[in-house]
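Dear colleague,

I am passing on the structure we spoke about, and I would be glad if you could look through it alongside the notes that follow.

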Amino acid sequence: MKNAGIITFDTHTEAEEAVKELQKSGFDMKKLSIIGKDYHTEEDVVGYYNTGDRVMKWGKFGAFWGGLFGLLFGSAFFFIPGLGPIMIAGPFVSTIIGGLEGAVIVGGLDALGAALYSIGIPKDSIIKYETAIKSDKFLLVVHGSMDEITNAKSILKNIGHNLEVHSA
């Protein structure tokens, strides 16, 4: 069974605070993903980061993405038509790769939408999450059993955030 909890953050600072709170509470970091845009490069090049690689220049959110890549498992940079450049950290990276192949099959959804659909997110919620990404917001995706999702929801509620729970 696929379960996911998703929360939208207006700023990278809020998203990072939530990830650090989950880490401090002992939540498994391999079950968290962050999705967001990072095209505000100012005059610096945005780099691609993966385990073992180093990037000299990041852009506006360099410290944010660099810190998360140290905490979360896996990372990727994609350009998705209609959404633009998207940074992803966590296990959702492998899900979106499947979404690249499944986007045509899942009724016209783009790769991000198809990947969200594949983890049990309803289409009306997918539209909301894609709109958030287009508006430069960040998504925190919590993957796991219903008990793990409920635990994450409780932790995040303690710091004033509401995790939306989706189960397949």
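At what angle do helix 1 and helix 6 pack, and how far apart are their axes? Please bear in mind throughout that this is a predicted model. Helix 1, residues 12–24, packs on helix 6, residues 146–158, at an angle of about 120°, and the two axes lie 10 Å apart. The two helices are therefore oblique to each other, since angles of 65 to 115 degrees count as roughly perpendicular and those over 145 as roughly antiparallel. The crossing in which helix 1 passes helix 6 is right-handed. On the side of helix 1 the residues involved are A18, E21 and L22, and these meet A152, I155 and L156 of helix 6.

L156 also leads to the loop that comes after helix 6, because H161, which sits in the loop between helix 6 and strand 6 (164–167), is in contact with L156 as well as with I7, F9 and E17, once neighbours within four places in sequence are left aside. H161 has a relative accessible area of 16% and is buried, the cut-off for that term being under 20%.

A second helix pair can be described in the same terms. Helix 4 and helix 5 pack with their axes 10 Å apart and at an angle of about 135°, and they are therefore oblique to each other; here too the crossing, in which helix 4 passes helix 5, is right-handed. The residues that meet are L112, G113, L116 and Y117 from helix 4, and K123, I126, Y129, E130 and I133 from helix 5.

Helix 4 itself, residues 111–118, is mostly covered, with six of its eight residues buried. Those buried residues are A111, L112, G113, A114, A115 and L116, so that L112, G113 and L116 appear both among the buried residues and among those that meet helix 5. After helix 4 comes G120, which has a positive phi near 95°.

Another positive phi, of about 65°, is found at D136, although D136 is not a glycine. As a general background, most residues other than glycine have a negative phi. D136 is placed in the loop between helix 5 (123–134) and strand 5 (138–143), and with a relative accessibility of 26% it counts as partly exposed.

Strand 5 brings us to its partner, strand 2. The two strands run antiparallel and are joined by four bridges, and S33 of strand 2 has V141 of strand 5 as its bridge partner. Strand 2, residues 32–36, is mostly covered, five of its five residues being buried. The cover extends to both faces, with L32, I34 and G36 buried on one side and S33 and I35 buried on the other.

As for the chain as a whole, the protein has six helices and six strands, which follow the pattern β-α-β-α-β-β-α-α-α-β-α-β when read along the sequence. The chain has 168 residues, of which 48% count as buried, and about 8300 Å² of the protein chain is exposed, with carbon and sulfur atoms supplying 53% of that area. Among contacts between residues at least 6 apart in sequence, 61% join residues at least 24 apart.

With best wishes

Notes: Residues numbered from 1 in each chain as written. Predicted model: local features only at pLDDT ≥ 70, side-chain atom pairs only at ≥ 80, totals over all residues. Heavy atoms only, no water. Buried < 20%, exposed > 50% of the residue type's maximum accessible area, 1.4 Å probe, protein only. Contact = heavy atoms within 4.5 Å. Areas by Shrake-Rupley, 256 points an atom, 1.4 Å probe, with all protein chains shown as cover. Pairing = 2+ DSSP bridges. Axes fitted to C-alpha atoms, helices over the stretch in contact; angles between N-to-C directions. Parallel < 35°, antiparallel > 145°, perpendicular 65-115°, else oblique. Left-handed = near helix turned anticlockwise from the far one by under 90°.
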